[in-house]
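Here are my notes on this one, written so you can follow along on screen. Keep the two chains in different colours and click on each residue as it comes up.

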Amino acid sequence: MHEPPSFRPLGLLAGAVLPGLGHVVCGERKRGLFAGAGVLGLFFGGMFIGGIGVVDRQAEPIWFVGQALVGPVAFGVDALHQNRFKVIDTSSRGLPIRRPAYPTEGRNPDTGFPVEGGTPPYVSSIGKVREIGILYATLAGMMNLIVLLDAAIPGVRGKEKAAS
Amino acid sequence: MTLAYLPFLDPINANDWWFLLIIPLALGISLAYKAVRVLDERTILRQALVMTVQIVLAMIALGFGCYLFVEQVLPRIAPY
């Protein structure tokens, strides 16, 4: 009888790239697909409910700590949000800031500056819908931490599987 | 001006039925949790569905318990 694997670095690495991929590359295809579907379903479900505004490193930094645990997908969505959908404005101190466009503004795609009288790239959510969307995306990150740890260290399940 | 709704960019209008969003939330959590917890991969989906129902029922029970405590118990032990 051989010793069960106690640590799977490949599982950790692949799982950090995409939720569930760690299990898939370690041979647990179905488990990885379900785990990935759960995590990504929560993350994109949050975006579907509250819009892209629920993933916002600048406006919601503490919530983004949890969302970041989803991995590169969360950073990609945030980068897209900051650079392609927010407008560049000037703060009261004269510093450049990024903010959602007002309902009466558009966004100049070349410069990122607001254009008066245009159509905003997206509608920023408020109230319960925003809270629920943020909660979905953050829970996705927290669940992915569990999935990632399991991909790296299968624990009891891995030992039982190896013993059988 | 009414803007066209863009999925994943704009929020949905769930202000009247936001509480129903606990069902897909519970399903997502259950799916990810049971995927790493269950020994037999063939039972993941069934166990995730069972856990979803358990979470939703537990939340309803918690809500009802809070209602009873705030509306029925508290006025008796600390009247206005």
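1. Start with the polar contacts between the chains. Between chain A and chain B there are nine residue pairs in polar contact, counting pairs with both residues at pLDDT 80 or more. That pLDDT value is there because this is a predicted model, and side-chain atom pairs count only at pLDDT 80 or more. On the chain A side, the elements that give two or more residues to the surface touching chain B are α3 (29-50), α6 (127-152) and α7 (155-163). Helix α3(A) gives the largest share of that side, 13 residues.

2. Now zoom out to the whole interface. How many residues of chain A are in contact with chain B? It's 38 residues of chain A, and they meet 30 residues of chain B. As background, the size of an interface is often given as the accessible area lost when the parts come together. Here chain A and chain B bury about 2900 Å² between them, and 74% of that is on carbon and sulfur atoms. Three residues to click on are A:R31, A:F34 and A:F48: they supply 21% of the area that chain A buries against chain B, more than any other three residues.

3. A:R31 deserves a point of its own. You'll find A:R31 in helix α3 of chain A. Is A:R31 buried or exposed? A:R31 counts as buried because its relative accessibility is 1%, and the cut-off for buried is under 20%. A polar atom of the A:R31 side chain lies 2.6 Å from the backbone oxygen of B:V38. A:R31 also forms a salt bridge with B:E41, where the closest N and O atoms are 3.7 Å apart. That pair crosses between chains, running from helix α3 of chain A to the loop between α1 (22-37) and α2 (44-77) of chain B, where B:E41 sits. Across the interface of chain A and chain B, the rule finds one salt bridge.

4. Next, salt bridges in general. The idea is that side chains of opposite charge can pair when their charged atoms come close. A search of the whole structure turns up nine salt bridges over all chains. One of them joins A:D56 and A:K86, with 2.9 Å between the closest N and O atoms. This one links distant parts of the chain: A:D56 is in the loop between α3 and α4 (61-67) of chain A, while A:K86 is in the loop between α5 (72-85) and β1 (87-90), 30 residues apart. Both ends are tucked away, since A:D56 is buried at a relative accessible area of 3% and A:K86 is buried at 2%.

5. Stay in chain A for another pair. A:E105 forms a salt bridge with A:R99, the closest N and O atoms being 3.0 Å apart. A:E105 counts as buried at 6% relative accessibility, and A:R99 counts as buried at 10%. Some salt bridges share partners, and in this way A:R8, A:E28, A:R31 and B:E41 are joined into one network. A:R99 has a ring partner as well: A:R99 lies over the face of A:Y102, 3.9 Å from the ring centre.

6. Another charge over a ring reaches from chain A to chain B. Which ring does the charged end of A:K128 sit over? The answer is the ring of B:W18, at 4.7 Å from its centre. B:W18 is partly exposed, with a relative accessible area of 33%.

7. B:W18 also brings us to the aromatic pairs. Over all chains, the structure holds six of them. Among them is the pair of B:W18 and B:F19, which is edge-to-face, with 5.9 Å centre to centre and 80° between the planes. B:F19 counts as partly exposed at 45% relative accessibility.

8. Last, a backbone detail to check. Most residues other than glycine have a negative phi, and most peptide bonds are trans. B:F8 has a positive phi of about 75° although it is not a glycine. Look for B:F8 in the segment before α1 of chain B. With a relative accessible area of 35%, B:F8 is partly exposed.

Conventions: Residues are numbered from 1 along each chain as its sequence is written. Chains are lettered from A and ligands numbered from 1 in the order in which they are written. This is a predicted model: local features need pLDDT of at least 70, side-chain atom pairs count only at pLDDT 80 or more; totals for chains, interfaces and linings use all residues. Side-chain values use heavy atoms; hydrogens and water are left out. Rings of Phe, Tyr and Trp (its six-membered ring) pair if their centres lie within 6.5 Å; planes under 30 degrees apart count as stacked, over 60 as edge-to-face and the rest as tilted. Buried means under 20% relative accessible area, exposed over 50%, partly exposed in between (1.4 Å probe, protein chains only). A charge sits over a ring if NZ of Lys or CZ of Arg is within 6 Å of the ring centre and within 35 degrees of the ring normal. Contact means heavy atoms within 4.5 Å. Buried area is the accessible area (1.4 Å probe) that two parts lose on being put together, summed over both. A salt bridge is a side-chain nitrogen of Lys or Arg within 4 Å of a carboxyl oxygen of Asp or Glu. A polar contact is a pair of N or O atoms within 3.5 Å; within protein, one must be able to donate a hydrogen and the other to accept it, and residues adjacent in sequence count only if both atoms are side-chain atoms. Helices (H or I, at least four residues) and strands (E, at least two) are DSSP runs, numbered from the N terminus.
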